[in-house]
Amino acid sequence: MTMTLRMTRLGVLAMSLFVAATSVQAQEFKNRTVRINFQNTSDHPVGLGLQRFADIVKAKTNGKINVRLFSAGQLGGDMTTVSALQGGTIDMTVLNTGVLAPVEKNTAIFDFPYLFNNEAEADAVVDGPAGKKIHDMLVAKNLIGLAYFENSFRQTTNTRRPITKLEDFAGLKLRILQLPLFIDVFRELGVNPLPLPFPELYTALEQKVVDGQENPPNTIYYSKIHEVQKYLSLTNHVFNPQSLLISKKTWDAMSPAEKDVISQAAKEAAIYERKESREQTKKSIDLIRQAGVAVNEIPPAEIERIRQKVKPVVDKYSKEIDPELVKLVDDSLAKVRGK
């Protein structure tokens with residue numbers, strides 16, 4: 001057999017193997033629609049991150065897996081959506097990890113006031129053993145954690161006065177997250193807290209059911225909350241890592257190839273979303289200011305007073321957290337802080 005003939009046959013064999021492998025892979029991708037419900041608007045960094053996720057999945061499955069996005073809580077608020085994921089009637093969501101506390105109490109650690117000083121500290125924790133452990137804990141709750149998005153630091157808005165010191169919280173009626181930790185924290189600060197689902201927030205502000213609320217700047221701007229508020233105070237009280245979740249029922253119905261695509265797309269989208277979130281946060285604050293809202297920072301000494309005021313609440317909830325998880329968070333923070 002001549003060298004040319006041998007090379008030709010090898011080439012044909014290689015092509016046949018490639019076609020066969022491609023055919024097998026194609027068979028592993030079923031025509032399916034994955035529905036994602038989330039609370040932010042489609043142009044919010046979270047919405048953009050989910051669109052990136054959808055685009056990646058579509059490209060890598062040759063259009064066989066179609067991801068449909070339902071923004072602004074079209075299919076319900078956070079806890080309604082979590083229940084739907086557990087039952088398998090909605091496929092995916094992304095939400096503040098701490099919101100999952102009623103389902104898995106250990107997730108509350110990410111909502112501890114002043115846990116993180118900056119984004120680098122948050123990255124170190126969620127991308128490390130602590131973040132993995134929290135998502136591992138959710139498997140028993142029929143939820144699969146794919147990656148961590150973010151929603152930046154939460155700030156406080158209201159129509160009565162700027163918050164420049166601890167005492168300025170007293171008497172304000174604020175919409176807060178429907179979580180015992182948040183209720184206790186804001187009560188400790190002298191606030192009259194009103195827990196409401198996010199889709200009801202704008203109307204509550206517009207009708208003056210509440211004086212104000214607390215959310216990250218991107219959420220405040222893209223949801224137009226600033227249009228019915230007078231003051232934005234940069235309290236930086238909680239940083240929000242967000243869990244991109246898929247229903248275990250949906251996950252278990254997928255082939256290994258489909259799971260691999262979903263996992264990789266989630267990781268790629270998370271990198272994109274965090275970058276977008278950080279860039280947009282600065283722009284959102286400027287745009288809110290330009291819209292006529294008075295924006296103020298809070299002196300470090302007052303931030304420390306606020307931190308100390310809510311410390312008893314943090315100590316109370318710390319006792320309910322798995323000690324191993326607390327240590328993993330502490331170790332990651334110590335490492336990134338150089339201690």
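This passage walks through a sheet and the helices that pack around it in a predicted model.

The sheet is open and holds 5 strands, arranged in the order β2-β1-β3-β10-β4 with mixed pairing. Its edges are formed by β2 and by β4 (143-153), each of which pairs on one side only. From one strand to the next, the twist averages 20°.

At the β2 side of this order, a closer look at one pair is helpful. Strand β1 (residues 32-37) runs parallel to strand β2 (residues 65-70), and 6 bridges join the two. Between β1 and β2 the chain passes through helix α2 (residues 45-60), giving a β-α-β crossover that is right-handed. Within the pair, Arg32 sits opposite Ile65 in β2, and Asn37 faces Phe70 in β2.

Helices also lie across the sheet strands. Helix α10 (residues 256-290) lies across β1, β2, β4 and β10, with a direction at about 5° to β4. Helix α5, by comparison, lies across β4 and β10 (239-247) and runs at about 130° to β4.

Helix α5 (residues 129-138) has a helical partner as well, in α12 (residues 323-336): their axes come within 8 Å and cross at roughly 150°. Because angles over 145 degrees count as roughly antiparallel, α5 is roughly antiparallel to α12. On the α5 side, the contact involves Pro129, Ala130, Lys133 and Ile134, which meet Glu324, Leu325, Leu328, Val329 and Ser332 of α12. By residue class, this contact comprises 6 nonpolar, 1 polar and 2 charged residues.

Technical notes: Residues are numbered from 1 along each chain as its sequence is written. This is a predicted model: local features need pLDDT of at least 70, side-chain atom pairs count only at pLDDT 80 or more; totals for chains, interfaces and linings use all residues. Side-chain values use heavy atoms; hydrogens and water are left out. Two strands pair if DSSP finds at least two bridges between them. Helices (H or I, at least four residues) and strands (E, at least two) are DSSP runs, numbered from the N terminus. A crossover is right-handed if, with the strands pointing away from the viewer, the path from the first strand over the helix to the second runs clockwise. Axes are lines fitted to C-alpha atoms, for helices over the stretch in contact, and angles run from 0 to 180 degrees between N-to-C directions. Angles under 35 degrees count as roughly parallel, over 145 as roughly antiparallel, 65 to 115 as roughly perpendicular and the rest as oblique. Contact means heavy atoms within 4.5 Å. Ala, Val, Leu, Ile, Met, Phe, Trp, Tyr, Cys and Pro count as nonpolar, Asp, Glu, Lys and Arg as charged, and the others, Gly among them, as polar.
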